[in-house]
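Open the model in your viewer and show it as a cartoon. Keep the sequence panel beside it. We will go stop by stop.

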Amino acid sequence: MKIHNVVRKNNYYDSVTLMLISKQLKQVEGLDDVSVMMGTPANRVILQEANLLGSEGAAAGPNDLILAFRAPEDIDVQWVLSKIDEQMGKKAAAGKNADQMVIRSAIKAYQEDPDSNLAFISVPGEYAAIEAERALKYGKNVFLFSDNVTIEEEAYLKTIAAEKGLLVMGPDCGTAIINGKGIGFANKVKSGDIGLISASGTGLQEVICLLDAMELGISHAIGTGGRDLKEAIGAATMLHAIDILINDSNTQILVLISKPPAQSVVEKIMAKLAGTSKKVVLCFLGSVIENAPANVTVAATLEETALKTALLSGKQPELLTAEAKLIGWAEEARAHLAPGQQYVRALYAGGTLCYEAMLVLGETLGPIYSNIPLRKELLTHDVMVAGQHTAIDLGDDQFTMGKPHPMIDGSLRNEYIMKVANDQQTAVLLMDVVIGYGASEDPAGELVPVIESAKQAAAARGNTLAVVAYVCGTSQDEQSKEAQVAKLQEIGVVVTATNAEAARLARTIVGERRNS
């Protein structure tokens with residue numbers, strides 16, 4: 001195999017578009033590996049580490065596009081480039097509208113449309129803060145999809161935003177819904193009077209989708225970025241967003257979601273919430289919150305957040321699977337396991353869904369090893385740890401550097417599914433399937449042949465692989481939750497009503513093992 005690099009000078013595409021193009025190009029016959037990236041210093045390092053960087057790519061500048069692929073020496077490079085151009089042409093055509101003006105700079109866009117009040121920024125991290133600051137100076141709220149922004153830059157941007165009465169969602173903000181319009185990875189959900197603020201993208205998606213399943217709708221869903229509740233940032237975006245929703249007549253209930261924040265940040269948020277009469281549901285995953293204001297209902301999981309919100313809305317939630325049915329599923333699966341099959345192997349696309357699963361699994365199974373562990377001594381970068389349960393967030397930076405996110409391209413998870421299936425100790429494969437805007441067109445359809453092969457591989461050794469999944473999405477999403485669930489159920493996957501329920505079923509299948 002030979003490494004090929006082609007550089008297109010001064011040819012910019014945003015990272016989301018390039019991830020989607022890279023995914024499609026992997027299907028081109030003859031290509032062993034392919035990546036399409038801007039030639040920033042960080043991206044060139046990524047290509048170097050992936051053994052995809054040639055001399056041409058090494059000389060590329062940050063505004064240049066690198067087409068990097070590994071293929072046989074005798075492959076027709078021009079034919080490959082034609083396939084690349086075909087995919088890029090499709091993406092460009094999909095985004096064109098005959099009535100739209102072509103604008104080549106952000107400043108020109110702000111000048112041409114002064115009434116717009118939101119800028120979506122997805123550029124390489126080294127330029128993201130510059131572009132965000134420019135948007136703020138032009139009076140725009142910012143949805144900052146880009147990552148690799150320093151925490152100092154984030155604090156600076158949010159200070160400027162506060163001075164101007166503007167909102168910075170991000171950096172590394174994946175999901176928001178503003179006035180019914182989805183931004184980033186979002187879902188089509190019903191409109192209503194519940195306003196959400198979240199430092200977690202998939203955590204936000206999970207709750208809004210569960211609310212939708214219970215016939216409840218939202219006013220806004222505001223993302224903050226994953227670091228907003230760190231002490232250095234002080235929940236700047238969340239506090240501002242709370243004020244926005246308190247003053248929004250269309251919002252009657254507030255829902256706040258985050259992984260556990262610093263105590264000083266908790267105190268700031270509690271002081272803010274005590275100043276409103278609106279009902280609030282607060283979920284700092286796994287945290288114990290003492291002395292919460294009377295209007296604040298505390299929830300420990302995403303599932304509990306949705307259920308308690310429904311109760312505050314006057315709904316008697318009918319969401320969860322009957323306990324007897326779950327036990328029946330577990331007993332049936334357990335009856336087919338070989339003696340050595342003892343462990344849950346969880347492979348997640350959504351980081352907060354993975355975190356919630358670990359909280360639930362750990363209630364009875366003891367320590368869960370992970371790349372995003374609940375305790376630092378449980379850190380692992382391996383998909384499996386011998387003699388232990390594992391839960392891996394495949395959307396974490398270590399897996400996505402230079403590669404599409406698993407919500408866009410499931411090929412990396414497909415590899416790991418086969419790996420865990422071939423391990424004699426694996427009893428349950430636990431996983432999420434996330435649909436909606438920006439996600440794969442048919443993630444369940446892509447998983448079906450892989451899961452079938454995994455089950456066959458386990459059976460060849462006399463094992464039975466139990467597969468438990470949760471589909472995060474709605475019936476209104478383009479992929480259709482019902483269609484995704486049906487494809488998985490057809491091949492024997494047990495699909496549950498919530499992510500926490502999937503984790504409870506997985507832990508019940510393997511039985512209780514209280515380790516310390």
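**Whole chain**

Start with everything visible: the chain holds 18 helices and 19 strands. Remember that this is a predicted model. The C-alpha atoms fill a box of roughly 65 × 60 × 40 Å along the principal axes. A compact globule of 516 residues would have a radius of gyration near 24 Å, and the chain has 23 Å, so the two agree.

Now switch on the surface. About 22,000 Å² is exposed, and carbon and sulfur atoms supply 48% of that area. Of the 516 residues, 55% are buried. Take the contacts between residues at least 6 apart in sequence: 71% of them join residues at least 24 apart.

**Stop 1: the three-stranded sheet**

Select strand 1 (2-8) and strand 2 (33-38). Add strand 3 (residues 65-71). In what order do the three strands lie? The order is 1-3-2, in an open sheet with antiparallel pairing. Strand 1 and strand 2 stand at the edges with a single partner strand each, so one side of each has no neighbour in the sheet. Neighbouring strands here are turned by 15 degrees against each other on average, ignoring direction.

Zoom in on strand 1 and strand 3. They run antiparallel and are joined by seven bridges. Pick H4: it stands opposite F69 in strand 3.

Next, show helix 1 (residues 15-25), which packs on the sheet and touches strand 2 and strand 3. Its direction makes about 160 degrees with that of strand 2. Then show helix 2 (residues 41-49), which lies across strand 2 and strand 3. Helix 2 runs at about 170 degrees to strand 2.

**Stop 2: two buried serines**

Select S198, in strand 9 (residues 191-198). Is S198 buried or exposed? Its relative accessibility is 2%, so S198 counts as buried. Leaving out residues up to four places away in sequence, S198 touches L204, I222, G223, T224, G225 and I257.

Move to S219, in strand 10 (residues 218-223). With 9% relative accessibility, S219 counts as buried, because the cut-off is under 20%. Residues touching S219 from beyond four places in sequence include N179, D193, D248 and T251. For a sense of distance, draw a line from S219 to V467: their C-alpha atoms are separated by 36 Å. Along the chain the two are 248 residues apart.

**Stop 3: strand 12 and its partners**

Select strand 12 (residues 279-284). Five of its six residues are buried, so strand 12 is largely enclosed by the rest of the structure. Add strand 11 (residues 253-258), which pairs with strand 12 in the parallel sense over six bridges. V255 stands opposite V281 in strand 12. Trace the chain from strand 11 through helix 10 (residues 263-273) to strand 12: this β-α-β crossover is right-handed.

Now add strand 13 (residues 296-299). Strand 12 and strand 13 run parallel, joined by four bridges. Here V280 stands opposite V296.

**Stop 4: the six-stranded sheet**

Go on to an open sheet of six parallel strands, in the order 15-16-14-17-18-19. Strand 15 (368-370) and strand 19 (494-496) are at the edges, each with a single partner strand, so one side of each is left without a neighbour in the sheet. On average, neighbouring strands of this sheet are turned by 20 degrees against each other, direction ignored.

Highlight strand 14 and strand 16 (residues 389-393), which pair in the parallel sense over four bridges. Which residue is the bridge partner of L347 in strand 16? That partner is I392.

Bring in helix 16, which lies across strand 17 and strand 18 (466-472). Helix 16 runs at about 170 degrees to strand 17. Helix 17 (residues 481-490) also packs on the sheet, touching strand 17, strand 18 and strand 19. The direction of helix 17 makes about 175 degrees with that of strand 18.

**Last stop: helix 15**

Select helix 15 (residues 411-421) and colour its buried residues: L412, R413, N414, Y416, I417, V420 and A421. What covers them? The cover includes strand 14 (343-348), helix 14 (397-400), strand 17 (426-434) and helix 16 (443-460).

Key: Residues numbered from 1 in each chain as written. Predicted model: local features only at pLDDT ≥ 70, side-chain atom pairs only at ≥ 80, totals over all residues. Heavy atoms only, no water. Buried < 20%, exposed > 50% of the residue type's maximum accessible area, 1.4 Å probe, protein only. Pairing = 2+ DSSP bridges. Right-handed = clockwise from strand over helix to strand, strands pointing away. Contact = heavy atoms within 4.5 Å. Axes fitted to C-alpha atoms, helices over the stretch in contact; angles between N-to-C directions. Rg over C-alpha atoms; globule rule 2.2 N^0.38 Å. Areas by Shrake-Rupley, 256 points an atom, 1.4 Å probe, with all protein chains shown as cover.
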